[in-house]
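I opened a fresh page for this one and will jot things down as I look them up. Come along and keep the viewer handy.

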2 protein chains.
Amino acid sequence: MGNNKEIANVSKATIGRMPAYLRYLKEKELAGERTISSTAIAEDLRLNAVQVRKDLAVISTVAGKPKLGFEIADLIADINRFLGYDNVTDAVLVGAGGLGRALAGYGGFRNYGLNIVAAFDKDPDLIGKKINGVPVFDAGEIAHMVRRLNVLIGIIAVPKAAAQQAADALVSGGARAIWNFASAHLNLPDSIAVKNEDMAASLAILSKRLAEILYNEK
Amino acid sequence: MGNNKEIANVSKATIGRMPAYLRYLKEKELAGERTISSTAIAEDLRLNAVQVRKDLAVISTVAGKPKLGFEIADLIADINRFLGYDNVTDAVLVGAGGLGRALAGYGGFRNYGLNIVAAFDKDPDLIGKKINGVPVFDAGEIAHMVRRLNVLIGIIAVPKAAAQQAADALVSGGARAIWNFASAHLNLPDSIAVKNEDMAASLAILSKRLAEILYNEK
DNA sequence: TTTTTATCGATAAAATTTTATCAAATCATA
DNA sequence: TATGATTTGATAAAATTTTATCGATAAAAA
């Protein structure tokens, strides 16, 4: 996924903003616009215009033009390429319960270059069935299947208590990246990329911002 | 939620790490340990020890002791208080489909001081029912109900196309914080706290990290 | 009791990220 | 065609965040 030449020296913050730019630009394109300025993007996305220009400089192959700004179509293509959305990567999902089902059903992943090819669960009632088109296998098969399917990305959507075990199984099958939706701390070697989808952290940040806003206005 | 005296001068990054500390400390407490050093936390959580000490200094009421470290129980209490987990805030959920259902069923929120009191959807088949114990109302009622329930936090779990409308309804009812799970850019006044749960951004960061790891090892 | 050792907390340094400034470029307009 | 307005991209400054250093301190060991 993505472009090798671009992996270095791009901050996590910049990478994290890319999908927002992409969504925004697609909106604008749909609205029939052809070019856009960093100023306009910054204003709408509540960012600093210089930051936007720096971010775009990282990925864009075509320079912006004074007085006009950037070609929207070019930017979209560049961000898609940068994020690796133009080629699809397979992933497996551990946990076919509530959240797992929701994730499997979230069609959007296809747009993000992610294709969930298999799900795993312990529940015998689920094994052998399909959730949103994704076949569910026995959790005992994780390592074996991951290896067979040659999958690098595992998504964990199991209860806290089962998360570490799921991660270990994925890794022992050869997975190299774990997207962890369980609110559990995973202990994994540094050679594995881990992204914790930490709802608690998000909520904490939102709460603090809310508290700040309420505090400041009186 | 949280403590007013502590809202200023605490970076988003620090706030975001708090839940991870909390989870980790609870683990340790459960394992029967009484004290812990910043060094140990840093090692396990892959952080810098000085950073851990600085983070803890923000919230802790009790100083650490040389040679021993911090009292785990004290830290847990302090973080709980800091994050506002010791008092519960009501929230409403817009969207009772796959993701909405998963969120409603995610019992963990209660631990994070969040209580979902109502859900909304357009689907007549869902209205009047309950999803995981949360009653579902007509989406047309959002503003009215939010005002009546005096709710400040709204969670958006609807398809992209409906997200802005949902946000507007929440805000017009008096909500001041929006937790947005739709991958859509919301246009809202600065007086509203918004946290985008941007799956695409997370995936992008994970993918880049994976690419980096794979690239570096050959 | 004295010495050793581990850890804190304060301060300083380094690194990173964000924001400001400004000359150069180019489009639109007169 | 010349002028003015607007935006870029480069460079610099500011702000923030992370990491390093080190004296002080308290527990453990000698």
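**Entry 1: a backbone touch.** I began with strand C, where a sugar or linking oxygen of DNA strand C is 3.1 Å from a polar backbone atom of Lys67(B). I call this a polar contact, meaning a pair of N or O atoms within 3.5 Å; within protein, one must be able to donate a hydrogen and the other to accept it, and residues adjacent in sequence count only if both atoms are side-chain atoms.

**Entry 2: ground rules.** I note that this is a predicted model, in which local features need pLDDT of at least 70, side-chain atom pairs count only at pLDDT 80 or more, and totals for chains, interfaces and linings use all residues. Residues are numbered from 1 along each chain as its sequence is written, chains are lettered from A and ligands numbered from 1 in the order in which they are written, and side-chain values use heavy atoms, with hydrogens and water left out.

**Entry 3: around strand C.** How many residues surround DNA strand C? I found 21, the closest being Gln51(A), Ser38(B), Arg53(B), Ala63(B) and Gly64(B). Of the atoms of DNA strand C that come within 4 Å of the protein, 67% are sugar and phosphate. A residue is near a strand if one of its heavy atoms lies within 4 Å of it.

I then checked phosphates. The side chain of Ser38(B) has an N or O atom 2.5 Å from a phosphate oxygen of DNA strand C, and for the side chain of Arg17(A) the distance to a phosphate oxygen of this strand is 3.2 Å.

By class, I read 6 nonpolar, 7 polar and 8 charged residues on the surface near DNA strand C. Here Ala, Val, Leu, Ile, Met, Phe, Trp, Tyr, Cys and Pro count as nonpolar, Asp, Glu, Lys and Arg as charged, and the others, Gly among them, as polar. The largest share of that surface, 3 residues, comes from α3(A). Helices are DSSP runs (H or I, at least four residues), numbered from the N terminus.

**Entry 4: around strand D.** Which residues come nearest to DNA strand D? Of the 20 around it, they are Ser38(A), Arg53(A), Gly64(A), Gln51(B) and Pro66(B). Sugar or phosphate makes up 65% of the strand D atoms within 4 Å of the protein, and bases the rest.

I looked at three of these contacts. Ser38(A) brings a side-chain N or O atom 2.5 Å from a phosphate oxygen of DNA strand D, and Arg17(B) places a polar side-chain atom 3.2 Å from a phosphate oxygen. Arg53(A) reaches a base: a side-chain N or O atom is 2.8 Å from a base nitrogen of DNA strand D.

The surface near DNA strand D holds 6 nonpolar, 7 polar and 7 charged residues. Both α3 (49–59) of chain A and α3 (49–59) of chain B supply at least two residues there, and α3(B) gives the most, with 3.

**Entry 5: domains.** Chain A is divided into domain 1 (4–83) and domain 2 (89–201), with bounds from an automatic or database domain assignment. Their C-alpha centres lie 31 Å apart.

**Entry 6: one helix pair.** The axes of α3(A) and helix α4 (residues 72–83) of chain A come within 9 Å and cross at roughly 65 degrees. Axes are lines fitted to C-alpha atoms, for helices over the stretch in contact, and angles run from 0 to 180 degrees between N-to-C directions. α3(A) and α4(A) are therefore roughly perpendicular to each other, a label for angles of 65 to 115 degrees.

Note on methods
Angles under 35 degrees count as roughly parallel, over 145 as roughly antiparallel, 65 to 115 as roughly perpendicular and the rest as oblique.
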